[in-house]
Amino acid sequence: MKRRNKIYLYMTLILLIVYIGLLAILCLSEYTDSRATIRSFSDAFWYSIVTLTTVGYGDLIPVTPPGVAVGVIFLLLSAGIMMTLFGAVISFVTSEGLPLFLLRFQRKKDWYYFADYGAEANTLAANIYKEDPDTVIIFGQKRDDQMEYPDYPCLFINTSPARIVACKKNMGTKCRIFLMKENDIGVNSRAVDLHTLPVEVYAGTTNGQDHLSGNIRFFHSYDCCARQYWRSKPLCSHENTIVLIGFGNYGRSILERAIMINVISVSQHVAYHIFGDAKSFLATHRYLHKVFSMGEASQEMDSLIFYDELWEKHHEVMELADRIIVCHDDEPEGWNIYWRLNKYYKIRGQVHLHSNRKAPGVNYFGTNEEIYTPDQIMRTALNQAAIKINEIFRTSVSYPTLSWEQLDDFHRESKISAADHLLMKIRILLRDETITEFTPSVIARAYKEYCDTKKSETIKEKYRRLDHMRWLRFYTFYNWTYGDVRDDSARQHPMLCPYKDLNPEQKKERDAAWELLGSITAGLK
């Protein structure tokens, strides 16, 4: 590319020298003739412009033989130059030249570049524009003539992320790159060398990894769906029997998120009945029996009951369920299950269906509009809350701890999981299970309730026991076990024990997730 640019530069210089030479010949030859109208270099320049552009005013004409020869050259060149200029303009307008040129005037705005245009990319881009109309949306492909144009301003530029970043020149606040297709970063040619660019990169994946390098972050559509599901439809205190039908990517993510955040009482005994192939899940998470009753319902702790048989055989489980979640990966099959449940089974609780299609009277979840939002994909608010939890935790203990930048992915995810539980904490504090959204007034009321009630040692202990219960489930899910001393490489931790066996400082650590409410409240003032 550099060699080609040098060739173009040399050719331009040669043509410029030839052009100036022709003007000099014209000027010198005409200057000595008394009949001439071209008497100066500026007259020669004007004559060349008028001739080359085929305007031909006739106010200046050469009269000497050398001047006429130069005029003939200009006449012969005029048609070629006009065609070249016309072609250049057409090429500039129809190719990436014009959009890239227009981008230069918007460098101070936030830029969001999507490698491809698809349903997911379109939904996320629309949600980004809805939150910030003064932003620039760029799709890295040519617009198909058959493609319906989006409802928001955007540019279709068939160019690489590197060229977009170079055009931005680090001006403004943000330039973010998205690869929306799952595991696209390993096969998309435009993903090459993304780690070298000074921008944030978000890539869809199914492998569960969160980071590839410093600037590349992964998101999981299944995990986003599960997180959105439990936020919009949180577990309630009257629900003791939950059924999951379908244990593919969506079902597994919904159960994982339930294990992490569905902690609302120290005496809860929620039984999860899971229908689907769970052999791989159980083989991976081999210590779940330490915090769950496995295979049978318990009145003392939560239970995980997996079935190899068809769900259709267990009428009594369906009839007793407080909630049935149909989360089959194959959406048409999910609808088939939903209609069969309603047609042939006596259902006491609600049936929730994973579906990207909306239908009246159906309690669905997981549409693109709900999953592909800036907060879900970039986890901005969630990460900020997790960072604040880590800061509170560091100031509450006497031993050295790591800053957010120093934490590895696992320990960052631990803080994120604590932040994820915040909605449950608010519902517990305010004793209001209708709350599904964070608002400034709700957070302020919850924190005031926490400050008032924690004065009682009994209630403070209850709060700490609840968060320790959540913390135990998280670490056990990732196959950590008890050890006399903390050993990250061996996945051992001295706090993986019953709450009563913790020392006072260890118990105090559990306050950080509750104190987060105070930090959020202070930030809202």
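Cys451 is partly exposed, at a relative accessible area of 22%. On the scale used here, buried means under 20% relative accessible area, exposed means over 50%, and partly exposed is in between, with a 1.4 Å probe and protein chains only. Cys327 is buried, at 0%.

A word on the source. This is a predicted model, where local features need pLDDT of at least 70, side-chain atom pairs count only at pLDDT 80 or more, and totals for chains, interfaces and linings use all residues. Residues are numbered from 1 along each chain as its sequence is written, and side-chain values use heavy atoms, with hydrogens and water left out.

Back to the cysteines. How many disulfides are there? The count comes to zero, taking a disulfide as a pair of cysteine sulfur atoms within 2.5 Å. Take Cys327. The closest cysteine sulfur is in Cys225, 8.6 Å away, and that is too far for a bond.

Next, helix α15, residues 409-420. Helices here are DSSP runs of H or I with at least four residues, strands are runs of E with at least two, and both are numbered from the N terminus. The expected span of a helix is 1.5 Å times one less than its number of residues. For the twelve residues of α15 that gives 16 Å, and the end C-alpha atoms are 16 Å apart, so the two agree.

Is α15 enclosed or open? Eleven of its twelve residues are buried, so the helix is largely enclosed by the rest of the structure. Charged side chains are on that buried list, including Arg412, Glu413, Lys415 and Asp420. At the N-terminal end, Asp408 is the cap. One of its side-chain oxygens lies 3.2 Å from the backbone nitrogen of Phe410.

Stay with Lys415 for a moment. Its charged end sits over the ring of Phe393, 5.2 Å from the ring centre. The rule for that is NZ of Lys or CZ of Arg within 6 Å of the ring centre and within 35 degrees of the ring normal. Lys425 does it too, over the ring of Trp514, at 5.1 Å from the centre.

Now the aromatics. The whole structure holds 34 aromatic pairs. Rings of Phe, Tyr and Trp (its six-membered ring) pair if their centres lie within 6.5 Å; planes under 30 degrees apart are stacked, over 60 edge-to-face, and the rest tilted. Take Tyr222 and Tyr250. Their ring centres are 4.7 Å apart and their planes stand at 85 degrees, so this pair is edge-to-face. Tyr222 is in helix α7 (residues 221-232) and Tyr250 in helix α8 (residues 249-261), so the pair ties together parts 28 residues apart in sequence. Tyr222 is buried at 14%, and Tyr250 is buried at 15%.

A second pair is Tyr475 and Trp480. Centres 5.1 Å apart, planes at 80 degrees, so edge-to-face. Both residues are buried. They belong to a cluster linked by ring pairs, with Phe247, Phe281, Phe306, Phe410, Trp471, Phe474, Phe477 and Tyr478 as the other members. Note Phe410, which is also among the buried residues of α15.

Two backbone oddities. Asn479 has a positive phi, near 65 degrees, without being a glycine. Asn479 is in the loop between α18 (457-477) and β15 (481-482). Arg431 also has a positive phi, about 50 degrees, and is not a glycine. Its loop runs between α16 (422-430) and α17 (440-453). Arg431 is exposed, with a relative accessible area of 65%.

Last stop, His352, in strand β13 (residues 350-354). Buried or exposed? His352 counts as buried, at 2% relative accessibility. Which side chains make polar contacts with the side chain of His352? Tyr229, at 2.7 Å. And Asn363, at 3.4 Å. A polar contact is a pair of N or O atoms within 3.5 Å; within protein, one must be able to donate a hydrogen and the other to accept it, and residues adjacent in sequence count only if both atoms are side-chain atoms. His352 and Asn363 are eleven residues apart along the chain, with C-alpha atoms separated by 5.1 Å. Beyond four places in sequence, His352 touches further residues, including Lys233, Arg323 and Phe365, where contact means heavy atoms within 4.5 Å.

And Asn368, in helix α12 (residues 368-371). Asn368 is buried, at 13%. Leaving aside neighbours within four places in sequence, Asn368 contacts Ala119, Thr123 and Asn356.
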